[in-house]
Amino acid sequence: DKPLPNSQCSLLPHDQYLIRSKRIITPEGVIAGSVEVKGGIIVSVAEGGDQFSDYSQGYILDYGDAVVMPGLVDIHVHLNDPGRTEWEDFTTGTKAAAAGGITTLIDMPLNCFPTVVSEETFRLKLEAARNRLHVDVGFWGGLVPENAFNRSALESLLDAGVLGLKSFMCPSGIDDFPMTNATHIKEGLHVLAKYKRPLLVHSEIALDSEGSTDKASPPDPRSYSTYLKTRPPSWEEAAISELYKVAQDTRVGGRAEGAHLHIVHLSDAWKSLGIIKEAKESGASLSVETCPHYLAFSAEQIKDGDTRFKCAPPIRDEVNRNKLRQALMDGHIDLLSSDHSPSAPELKLFDQGDFLRAWGGISSLQFDLPVTWSYGKSFGVTLNQLATWWSERPAKLAGQELKGAISGGKHADIVVWDPDEEFELNENYTTYLKHPNISAYMGTRLSGKVMATFVRGNLVYSDGKLAPAACGVPILAKQ
Ligand SMILES: NC(=O)N[C@H]1NC(=O)NC1=O
Ligand SMILES: [Zn+2]
Ligand SMILES: [Zn+2]
């Protein structure tokens with residue numbers, strides 16, 4: 001049993017050990033057995049336990065019937081560092097991730113300042129992240145009008161190691177991250193094809209909407225329905241129809257073969273979803289995510305002035321929510337992400353409760369797992385589905401073939417949790433997010449408590465404690 005290179009990285013002073021449990025979630029199904037970890041890698045996964053009854057090579061951690069699952073890979077997180085660290089930063093965000101069983105997160109190129117739209121700005125991002133990551137963190141670069149037609153600028157950003165690009169089809173809310181049109185996106189995909197990396201798109205196009213026109217009786221900005229009317233499903237439909245067309249380039253033999261288009265945070269479960277199904281059938285390389293808040297909440301439940309629930313696209317009515325749940329269960333939605341997009345609490349305008357002027361963004365990162373499980377189990381979500389939507393597919397989208405599953409040869413990125421333990425998410429709950437009070441989940445009762453989190457074999461979180469050192473690494477795309 002070799003000593004660890006840096007004992008501050010892990011709460012477990014062993015390099016080689018066995019994790020035992022009656023419920024290990026593997027790609028082949030749930031098994032009772034053990035996962036053998038050595039040097040940060042899963043060296044074997046075995047059913048039963050007899051062959052290890054005398055495990056003299058290392059240490060044994062027996063978790064009984066707690067669930068041992070691949071750590072979550074949250075591909076859609078805004079940590080706002082550098083530049084808006086009073087909203088969230090690398091330290092708070094990655095501590096929250098570790099405590100929540102998220103072993104890898106991919107940081108978005110906007111809400112930080114400057115935005116990550118060039119090699120130079122990406123270097124600033126990496127500099128800010130240095131020695132401050134408690135889990136592994138990858139980065140999306142930004143596709144904006146300024147770089148979309150500048151192939152060499154995009155190539156240097158991609159050569160520097162961003163895992164793919166992200167763009168908006170509507171105003172992003174951040175001045176130095178302007179929106180792209182279909183032509184910019186087509187060019188971006190063409191460059192990405194060579195790298196075989198994805199483009200993630202915020203898919204709403206701002207059309208004139210009924211909410212903003214009635215001047216005789218101005219709508220009440222404290223009412224959620226006022227906000228909901230300003231961003232109807234037709235905005236998502238309009239964007240996704242455009243994307244259907246540009247995605248044709250990603251087909252075999254197309255101009256952007258090798259690139260992939262990923263639609264982020266789908267809310268509309270009606271026509272948008274239909275177009276996505278058709279695009280997949282057409283042979284386009286396309287996928288879609290939704291977020292726990294669209295599965296958990298409905299417009300009917302959002303109280304006047306409670307701007308914690310403001311996000312874009314908006315949380316829609318209960319019928320839409322149920323249809324979205326069904327689409328997920330039926331396999332039409334590929335994966336889940338948080339779109340963790342916190343702000344300083346002042347920007348949520350809790351005093352006025354003004355839905356039209358408050359910052360749009362849901363804060364949820366630390367609660368990805370218990371939230372998905374608490375709401376998901378009511379509509380039949382299984383443990384294997386959690387691993388597919390939260391680990392296997394997001395790892396694949398981000399090009400991380402060593403992450404996202406409990407199987408031999410992969411990184412030992414593991415969450416151990418108790419699906420049956422319930423807790424009140426209130427001010428007494430230990431939360432590492434910078435501003436827990438802005439989270440839409442605060443005040444709810446959840447089930448599914450994270451007991452331990454391993455990142456490349458380091459026990460970074462256990463039983464309410466974090467490892468002292470920040471030993472997560474920045475993930476750079478391989479050439
Ligand atoms: N800029 C930013 O983070 N916007 C996010 N917030 C939100 O609710 N939807 C988004 O795209
Ligand atoms: Zn977005
Ligand atoms: Zn986002």
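The exercises below, each with a worked solution, concern a predicted model of a chain with a bound ligand.

**Exercise 1. Confidence**

Find what the confidence scores say about this predicted model.

Solution. Begin with the chain, whose mean pLDDT is 96, with 97% of its residues reaching 70 or more. Then turn to the scores for the model as a whole, which are ipTM 0.98 and pTM 0.97. Keep in mind that where pLDDT is low, the predicted coordinates should not be read in detail.

**Exercise 2. The shell of ligand 1**

Determine which residues come nearest to ligand 1, and how the shell divides by residue character.

Solution. The shell holds 13 residues, of which Cys311, Ala312, Ser341, Gly360 and Gly361 come nearest to the ligand. Sorting the shell by character gives four nonpolar, eight polar and one charged residue. One of the nearest residues, Ala312, also takes part in a cis peptide bond, the one leading to Pro313, with omega near -10 degrees. Pro313 itself lies in the loop between helix H9 (292–296) and helix H10 (318–329).

**Exercise 3. Helix H1 and the open sheet**

Decide whether helix H1 is largely enclosed or left open, and then work out which strands stand at the edges of the four-stranded sheet.

Solution. For the helix, count the buried residues: nine of the 10 residues in H1 (residues 90–99) are buried, so the rest of the structure largely encloses this helix. Among them are Phe90, Thr92 and Lys95. Just after H1, Gly101 adopts a positive phi of about 80 degrees.

For the sheet, read the strand order, which is E6-E7-E8-E19 in an open arrangement with parallel pairing. Strands E6 (72–77) and E19 (474–475) each have a single partner strand and therefore stand at the edges, with one side of each left without a neighbour in the sheet. The parallel pairing of E6 with E7 (residues 102–107) runs over four bridges, and Leu72 has Ile102 in E7 as its bridge partner.

**Exercise 4. Positive phi in two loops**

Compare the surroundings of Leu349 and Arg456, and state whether each is buried or partly exposed.

Solution. Start from the backbone: most residues other than glycine have a negative phi. Leu349, however, has a positive phi of about 50 degrees, and Arg456 has a positive phi near 45 degrees. Next, locate them: Leu349 lies in the loop between strand E14 (335–336) and helix H11 (368–376), whereas Arg456 lies in the loop between strands E16 (445–455) and E17 (458–462). Finally, apply the cut-off for burial, which is 20 or more other C-beta atoms within 10 Å. Leu349 has 18 C-beta neighbours inside 10 Å and so counts as partly exposed, while Arg456, with 26 other C-beta atoms within 10 Å, is buried.

Methods. Residues are numbered from 1 along each chain as its sequence is written. Chains are lettered from A and ligands numbered from 1 in the order in which they are written. This is a predicted model: local features need pLDDT of at least 70, side-chain atom pairs count only at pLDDT 80 or more; totals for chains, interfaces and linings use all residues. A residue is near a molecule or strand if its C-beta atom, placed from the backbone, lies within 6 Å of it. Ala, Val, Leu, Ile, Met, Phe, Trp, Tyr, Cys and Pro count as nonpolar, Asp, Glu, Lys and Arg as charged, and the others, Gly among them, as polar. pLDDT is the predictor's confidence in each residue, from 0 to 100. A residue is buried if 20 or more other C-beta atoms lie within 10 Å of its own, exposed if 12 or fewer, and partly exposed in between; C-beta atoms are placed from the backbone. Helices (H or I, at least four residues) and strands (E, at least two) are DSSP runs, numbered from the N terminus. Two strands pair if DSSP finds at least two bridges between them.
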